[in-house]
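Hi,

Here is the structure I said I would pass on. Have a look at it first, and then read my notes below.

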Amino acid sequence: MSHVGVPRGTARKRRRLPALLTAGVLTLPVLAGCGSGGDRTAAVAVVPQDVARAARAQVADGGRVTWAIDALPSTLNAFQADADSATTRITGALLPTLFPLDARGRPRLNPDYLESAKVTETEPRQVVVYRLNQQAVWSDGREIGAPDFVAQWRALSGKDSAYWTARNAGYERIEKIERGADDLEVKVTFAKPYADWRSLFSPLYPKQVTGSPDAFNEGARTTLKATAGPFRLREVDKKTGSVTLTRDPRWWGSRAKLDSLVFKAVEPKDRTEALAEGTVDIADIDSTTAHRIAQAAREGAAGAPAQGPGAPLSPAQALRSWAVAHGSDEEEAAEEQEVRDERAEAAEAYADEQSGLRAYVVRKSLEPAYTQLALNGESGPLADDRVRRAVARALDRQELADTVLKPLGLPAQPLGSHLAVAGQPAYRDGSEALGTQDTEKAQALLAAAGWTREGALDRNDGTKAGSEGEKQKPEKDAEKDAEKDAEKDAEKDAEKSAEKKGSAGRDAADDGKSGEAAREAVPAQDRQPGGAAGAYAPAGTAAPARGADAARGPLGKNGKPLSLRFVLPSGPGSAGLRSVGEKIASMLDTIGIRTVITKVSDDSYFRDHVASGDYDMALYSWPATAYPATDDRPIFAKPVPASDGSLLVEQNYTRVGTDHIDQLFDRAAAELDEKAAQDLMRQADARIWAAAGSIPLFQRPQLVATGKALVNVGAFGLGAPHYQDIGYKAPRAAGPPADGARK
């Protein structure tokens, strides 16, 4: 089970941490900025959507499809803190999205709602004019228009604290919204330029939802009084854990092919059984279930057992016959029979399950999300940017990508950007700002930071580690003291390093240098006091087995070992993530870094450890976005001190950031020239790489099981579903024989 971080966006208050959990497949960006080696996009294998495509004429009218989701959504208001992936999936079929993403993750104007939308003025203010589709109406018959835009802007602008909003990015830049030349025109004037204006008003809610704090906060949690999509909301049934949508008769676009679309809560661990029983038609699945479906298909192709008189015995019948034929003693035979009956029942259950799984096909692509190694830079050894960069350069990211993607038959390539994924137009590999895997460089960085093998033996009191005086101390107390001393030493060294580099280092980094020069020039982030202390391994926890290169012992400073606490989820669906974590631990062990893996429950992993800073290293994922200047800024924003002494980190759970990175995001958000904005984002990405708080590893695999008869659904990759086109393949109409047959 993998962990995707919270939905992105600038937040007025911290979002709930839903951590999109996708069983087994690990929760969703080289850069040419700073001259980091040029455009390497061509070398990246782009995985297309895997969807059973069919023209609408080939899709039958009618039918019901059940789509598995992790849990019932806590709210149907996508702008609230507890909105999650289920909220996004359901509202996508119910509400207007003005610029849905195409197969390459690019926003495209939706003609069902807009005739046009464009920037008409840039001076003295940016003005965007939306021309609405004259047929666009809400399900209650009212026209979609300027009042809906105005109500949503006021709710999300951040000016009225009575609205419990989770994100306000972009809306706070709007100065006013007016009716245009007629009721079909909406004129939006911005106080400050906003490059990502296409991200606004999606989804668009009716003014009944956004017009008052009460309606916004509570009214749209379990129902929507008006919708405007191919489907309308029929029922939210908490008892059955399902949300039922039905075809909207007022929909003016292409008529939905399905009569109803049901989203049913099915935990990832239960999806194999649900598929086998036929209770769901579409489900995101893990690699284990994917292999089971493939195995079932192979068995089906080889021929199912014959049925009826004279047919071969089933496995259960054969086992019973054998037991009867070989039972020499009645009691012994009974015991043997009981064991064989249990085995027979298991065999029958397996056969039944495999039979059910033959009704599905697995669609494979790459998710619009990436898995990263997060390094907590707030305190402890990782507060020193040299230690973080050493960890990053010890990693063989290709091996990690191979571990996850190759067994699935997907291209295994490390991700080179924090701000885009392969296939998006903005993708460039900026990893050269940090450097490739290099054990010697990693060891040199650690030595420069004061972590040496000799340091693991030397002590401040003049004794050697392991002397008689040391051995007399209780083992647990000694380890606790070592942890505290190591943390203090690391913090002092980090402060000295920052002072030594000074402003000259910043200037060198900001000049746009690349390669090794950029790596050495970018300083550690400006550190602020406060926040949770770094987490270390509990006393008595054994370290993983060491590689040959680490046989000489771990690195240390003043007799204290360099030890990092690696927090990973413990759930049964998280085995793939833990496998990646164990490989990372082994790689770090070869350069002398002791890694202690701490396993915690899936439910508390994100909330109690990642978000709270109770970790040194962790694995989790972020979704990709078409609007990185807006959506990615809170993920990499420099933490600032709060009035109580703690750090305000927004969504930057690594606590690593710089003023210059923030400035690049701000400039990109205000840059209306798309190419110039992309260049600014590439510069920001290079500096994020150099700061080494977040190390992208690979784009997440996307595995979706769908019924074989379903079309226009599958692994959508970077794109958005067209809900009105999903349905069952129509049977071929009987026609005249082919010319050859007539003869």
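Let me start with Val656: at 7% relative accessibility it counts as buried, because the cut-off for buried is under 20%. Keep in mind that this is a predicted model. Val656 sits in a loop, the one between β20 (647-648) and α19 (659-669). Its C-alpha is 9.9 Å from that of Leu382, although 274 residues separate Val656 and Leu382 in sequence.

Now the chain as a whole. It has 743 residues, and 52% of them count as buried. I get 21 helices and 24 strands. The accessible surface is about 31700 Å², with 49% of that belonging to carbon and sulfur atoms.

Next, the interior. The largest nonpolar core has 94 residues, and the ones with the most contacts inside it are Leu373, Ile584, Leu619, Ile695 and Leu697. What does Ile584 touch, once its neighbours within four places in sequence are left aside? The answer is Leu373, Leu395, Leu400, Phe566, Leu619 and Leu697. There is also a second, separate core of 68 residues, with Trp197, Tyr205, Trp251 and Ile726 among them.

If you want one helix to look at, try α11 (residues 439-448), whose buried residues are Ala442, Leu445 and Leu446. Looking down the axis of α11, you'll see these buried residues fall within an arc of 100°, so they line one face of the helix. That goes with the usual geometry: an α-helix has 3.6 residues a turn, so residues three or four places apart point the same way. Both ends of α11 are worth a click, too. At the N-terminal end, Asp438 acts as the cap, with a side-chain oxygen 3.1 Å from the backbone nitrogen of Glu440. After α11 comes Gly450, which has a positive phi, near 95°.

Last, some strands. β8 (residues 185-190) runs antiparallel to β6 (residues 127-132), and 5 bridges join the two. β8 also pairs with β7 (residues 174-179), again in the antiparallel sense and over 5 bridges. β7 and β8 make a hairpin, with 5 residues between them. A handy residue to centre on is Thr189 in β8: Val127 has it as bridge partner, and Lys176 stands opposite Thr189 as well.

That's what I have so far. Shout if anything looks odd on your screen.

Cheers

Note on methods: Residues numbered from 1 in each chain as written. Predicted model: local features only at pLDDT ≥ 70, side-chain atom pairs only at ≥ 80, totals over all residues. Heavy atoms only, no water. Core = buried A, V, L, I, M, F, W, Y, C linked by side-chain atoms within 4.5 Å. Buried < 20%, exposed > 50% of the residue type's maximum accessible area, 1.4 Å probe, protein only. Contact = heavy atoms within 4.5 Å. Helix = DSSP H or I, 4+ residues; strand = E, 2+ residues; numbered from the N terminus. Areas by Shrake-Rupley, 256 points an atom, 1.4 Å probe, with all protein chains shown as cover. Arc of directions from axis to C-beta. Polar contact = N/O pair within 3.5 Å; in protein donor to acceptor, adjacent residues only side chain to side chain. Pairing = 2+ DSSP bridges.
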